[in-house]
Amino acid sequence: MFQKKQFLLIIAALTTTVMIAQEREQDTLNPDVINVIKPYAPTISDAFKLKETPTLDDAETGTKKEIKYNIFSFPVASTFTPAKGKAAVVDKAKKVKLYDNYATLGVGTYTTILGEVYLNHELNSGENVSAHVSHHSSQGGIDGVLTDDDFLDSKIDLSYSKLTNDLNWTVSGGFGLQSYNWYGLQQPLFNQATADTLDVGHNFTDAHISGELNIEDGIFKGADVLFRRFGDNQGSGENRLKLSGTADIPIRDEIVSTVLSLDYLGGNFERNYFDATEINYGNFQVGLAPTYQIKKDDLTVNLGVTLTYLNDTEAGKSSFFIYPNINASYRLVDEFIIAFGGVKGGLNQNSYYSFSTENAFVSPTLFITPTDQQYNAYAGLRGKLSNTIGYSVSGSYKSEKSKALFQNNLVPYGFDNNESYHYGNSFGVTYDDVTTLGVAGELSVDINRNFTLGAKGEYFVYNTKNEEEAWNLPEIKGTLFMDYQINEHWFAGANLFFVGERKDLTGLNDIDNPILPSPLNPTQIVTLDSYFDANIHGGYHVNDRISVFVKGNNLIGENYNKWQNTPVQGIQFLAGGTYKFDF
């Protein structure tokens, strides 16, 4: 403000001076003539600079006053209600209700009945009791069969389990009854007239009790025990007792996992196949199998050995065996390529129970001895092709002494002790030293929880020492299975099996002259055709408790022979339902 006033005063003074000077010049000078005495020579004076922060001495300048704002508020009526915020909701599948018990019943062609009941009850926390009952029977009706071909398989199992912080243990027991017929009479050697005179029915009974113990801490890790009584309606009987215990033994700051096992088997048959001489068998095995594990980065190696002592209680002989027990795996490319291999062996206990489980048409005239698997060397690759596809390819070579081979029983010379299983309709066991070269491949697809698919193929080459062929062992085997949960209610699945050709032995008896003058009937090798068995199933979940299903078996409809002279049922259909419940 002050600078502006000074500037105005200076301009006013200059203006007044110029006006006065002009007036005076007009009084003394001639306005028409201008004489220049010397030329104009301007000069530049020193400039002065204003202060950046000028000093103010204006009387009006002083301390700023504090300004106070007063807001006068008053209530305003409003009907607006803000919505409450909430997190976004993720759609979740409905929680599936799980039940502890179920019952299944189905009926089908060939007058087939399938039933199953499972019950489980929790007595206290960690204490359970359960029961399982199953039944599968058929009245038969296979085309071309001369005798009854019905079968029955019923079982009941009970168990009690206890779980604590330090250990858990289970005690279980059960009973089973199986009924079959030796319906595979050799044709055309025997006709309907002969079949009508035979009682080809036979059954097996099985009673067993077992126990299992697992311990979390300590050197001793667990134990298993099994006692089984197995017999038939032909006077045969067998007892088996198995005990095993596992311990982790520390040796110089290292752990050696050790398994100690005992296996006793004893039984008898009232006669052998050709005469009434009784067959008694039995042995006692003691095994010790220590294993030491080495882990380093992607490599895992288990180094072990199996020591087995065998005492043949009938022959009064003892033997000692040493078997390798080594395996290793190495991750070549994370989970995608894993190399594995190993070599193992063992003294495998054969029994009447195991033979009848594999082939229900065996005769009660078997000679039973263990198989000495000297070694089984194998190697391969496994891993994943993607997150949903897994694979495995492997090769193996094993050597077995006294390997059990099923062979069709020949019609005995003379029928001097005629039995219902003497008509080419039963099977015996022969033993031979066999080496086996095997190649296998497996593929599994697990897209999600609703769809799984698997396929496996195997190829074998056998070499026998004494027998002409590896009887009833196929060179090719293949399986394919699929399960698909279509939606919340519908489900479906399939199981496909392929078994290649097998070799067996048969007699050359003529129907007009079944009794030859020689005690040794002439024989020939027969080839059993390969077969393909297609099975599918599907169903509908009505609700959480009730489901209905339908099954189709052997849909190709071929009455193939799994064993010589024993065709299976053709196309089979079965329908039923399942009910789940709690109590």
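**Strand pairing and surface patches in the predicted model**

At 16% relative accessibility, Gly304 counts as buried, because the cut-off for that class is under 20%. The model discussed here is a predicted one. Gly304 belongs to strand β11, and its C-alpha lies 9.2 Å from the C-alpha of Ser257, although 47 residues separate Gly304 and Ser257 in sequence.

The strand that holds Gly304 is a good place to start a walk through the pairing. Strand β11 covers residues 299-312 and runs antiparallel to strand β12, residues 317-333, with 14 bridges joining them. Asp312 of this pairing sits opposite Lys317 in β12. The hairpin of β11 and β12 has four residues between its strands, and within this hairpin Gly316 adopts a positive phi near 70°.

Continuing along the chain, β12 also pairs with strand β13, which spans residues 337-348; this pairing is again antiparallel and comprises eight bridges. Here Ile326 is found opposite Val343 in β13. A hairpin is formed by β12 and β13 too, with three residues between them, and Asp334 in its turn shows a positive phi of about 45°. Strand β12 thus takes part in both pairings, with β11 and with β13.

Attention now turns to the surface. A nonpolar patch of about 850 Å² is built from Trp169, Val171, Ile209, Val225, Phe227, Leu241, Leu243, Leu260, Leu262, Tyr264 and Leu288. Two or more residues of the patch come from each of β5 (167-181), β7 (220-232), β8 (237-251) and β9 (254-269). Of these elements, β9 gives the largest share, three residues. Leu260 is located in strand β9 and is one of the patch members. With a relative accessibility of 43%, Leu260 counts as partly exposed, because this value falls between the 20% limit for buried and the 50% limit for exposed residues. As a general point for reading such strands, side chains in a regular strand alternate between the two faces of the sheet.

A second patch is charged. Glu475, Glu501, Asp529 and Glu558 together form a negative surface patch. Among them, Glu558 is placed in the loop that connects β23 (546-553) and β24 (561-563). Its relative accessibility is 33%, so Glu558 counts as partly exposed. Partly exposed is thus the class of both Leu260, from the nonpolar patch, and Glu558, from the negative patch, whereas Gly304 in β11 is buried.

Methods
Residues numbered from 1 in each chain as written. Predicted model: local features only at pLDDT ≥ 70, side-chain atom pairs only at ≥ 80, totals over all residues. Heavy atoms only, no water. Pairing = 2+ DSSP bridges. Patch = residues over 30% accessible without salt bridge, like charges linked within 9 Å, V, L, I, M, F, W, Y side chains within 5 Å. Areas by Shrake-Rupley, 256 points an atom, 1.4 Å probe, with all protein chains shown as cover. Salt bridge = Lys/Arg side-chain N within 4 Å of Asp/Glu carboxyl O. Lys, Arg positive; Asp, Glu negative; His and termini not counted. Charge placed at Lys NZ, Arg CZ, Asp CG, Glu CD. Buried < 20%, exposed > 50% of the residue type's maximum accessible area, 1.4 Å probe, protein only.
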